[in-house]
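User: Hi! Could you walk me through this one with me?
Analyst: Happy to, let's pull it up.
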Protein chains: 2
Amino acid sequence: MKMTTKGRYAVTAMLDLALHDGDGPVNLSEISHRQDISLTYLEQLFGKLRRHGLIESARGPGGGYRLAMTPDEISIAKVLYSVDEPVDITRCGGKQNCQNDERCLTHDLWMELNRHVSDFLNGVMLGDLIQRNNVKQVAARQDLNLMQLLQQKQ
Amino acid sequence: MKMTTKGRYAVTAMLDLALHDGDGPVNLSEISHRQDISLTYLEQLFGKLRRHGLIESARGPGGGYRLAMTPDEISIAKVLYSVDEPVDITRCGGKQNCQNDERCLTHDLWMELNRHVSDFLNGVMLGDLIQRNNVKQVAARQDLNLMQLLQQKQ
DNA sequence: TATTTACTTGACTAAATTACTAGGCTATGT
DNA sequence: ACATAGCCTAGTAATTTAGTCAAGTAAATA
């Protein structure tokens with residue numbers, strides 16, 4: 001497993017989408033503003049998420065993205081996997097060929113850590129997160145900020 | 001947290017040291033052969049491990065390294081930390097300033113994962129690992145390989 | 001005390017990866 | 001038709017990794 005901003009961005013953006021899903025598709029420039037993520041980078045990430053079937057797109061004016069399933073069916077692990085952040089941590093990918101085609105000394109240690117991490121990430125769903133108070137608070141603040149920004153521009 | 005070969009090498013080498021500790025210091029070229037890690041790279045890693053107080057060095061002929069405490073006092077987390085692989089996973093390091101000095105949407109999620117991973121890595125000691133059967137097996141194979149290599153050279 | 005052996009230090013580097021940007025294209029609603 | 005929004009491919013600057021190289025210093029043995 002590698003935790004980089006790519007994975008964090010993907011999860012953050014998907015959570016934003018889950019929070020704002022409901023009344024029509026959500027477009028990327030909204031998400032870009034709310035989450036401080038560059039629009040073109042988001043396009044890349046959402047391309048992968050779409051190709052993995054987590055979201056659906058609608059083109060043209062008023063278009064944007066929608067979740068392709070309920071938030072309760074989308075785990076954090078799925079999101080990370082979709083943007084090429086494998087949750088796996090071993091060098092050999094569990095194949096036991098880490099040292100000259102044989103197990104290395106620490107093979108089982110990394111396998112165990114692997115299981116801990118993936119159990120956790122497979123167990124947390126977007127649906128769980130959007131119901132948490134701390135998430136709701138941050139989301140409310142971000143919505144307010146975006147509204148203020150739009151009013152300033154007029 | 002980032003899991004790279006640097007961290008894996010450090011843990012592997014420390015485990016090798018723990019396994020061969022007892023009858024005098026262990027020198028790095030042994031470890032280099034047994035674990036397939038470049039000697040000069042090991043020197044770098046062991047410098048950091050020594051500066052963090054995990055090991056002690058003995059110079060001169062017959063010199064090498066020894067653990068500075070018992071294997072039961074050395075956790076995997078300590079080893080990783082010593083070679084600059086922080087176990088922390090959040091962007092802000094827990095400071096809640098991930099987005100414009102405020103908490104980002106996924107702050108608490110990463111904090112939770114953090115706790116899982118560091119609980120695990122703090123809980124596993126070198127002393128635990130050297131008693132495991134799979135570790136003993138791999139170590140026995142590696143010792144045999146090294147002996148055969150030394151005989152060939154004569 | 002000369003020599004060997006081993007550890008120490010710091011600078012350097014090739015390759016890979018990350019985190020983007022640029023620019024053009026395609027579909028859709030008004 | 002035209003503005004809007006997603007789609008796709010390349011390219012790229014910065015950073016990090018995984019080392020190497022060279023010139024030491026310290027300790028033990030003969």
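Analyst: What follows is a short chat about a hairpin and a DNA strand in this predicted model.
Analyst: Residues are numbered from 1 along each chain as written, and chains are lettered from A in the order written. Local features need pLDDT of at least 70, side-chain atom pairs count only at pLDDT 80 or more, totals for chains, interfaces and linings use all residues, and side-chain values use heavy atoms, without hydrogens and water.
User: Which residues come nearest to DNA strand C?
Analyst: Thr5(A), Ser38(A), Gln44(A), Arg59(A) and Tyr65(B), out of 25 residues around the strand (near means a heavy atom within 4 Å). Of the DNA strand C atoms within 4 Å of the protein, 70% belong to sugar and phosphate.
User: Which residue has a side-chain N or O atom 3.0 Å from a phosphate oxygen?
Analyst: That's Arg50(B). Through backbone atoms, Lys6(A) lies 3.2 Å from a phosphate oxygen and Gly64(B) 3.4 Å from one.
User: How does that surface divide into nonpolar, polar and charged?
Analyst: 7 nonpolar, 11 polar and 7 charged. Here Ala, Val, Leu, Ile, Met, Phe, Trp, Tyr, Cys and Pro are nonpolar, Asp, Glu, Lys and Arg charged, and the others, including Gly, polar.
User: Switching to the hairpin, how do β1(B) and β2(B) run?
Analyst: Antiparallel, with 4 bridges joining residues 55-58 to residues 64-67 (strands are DSSP E runs of at least two residues, and pairing takes at least two bridges). Glu56(B) is bridged to Arg66(B).
User: And which residue between the strands takes a positive phi?
Analyst: Gly60(B), near 80°, in a hairpin with 5 residues between the strands.

Notes. Polar contact = N/O pair within 3.5 Å; in protein donor to acceptor, adjacent residues only side chain to side chain.
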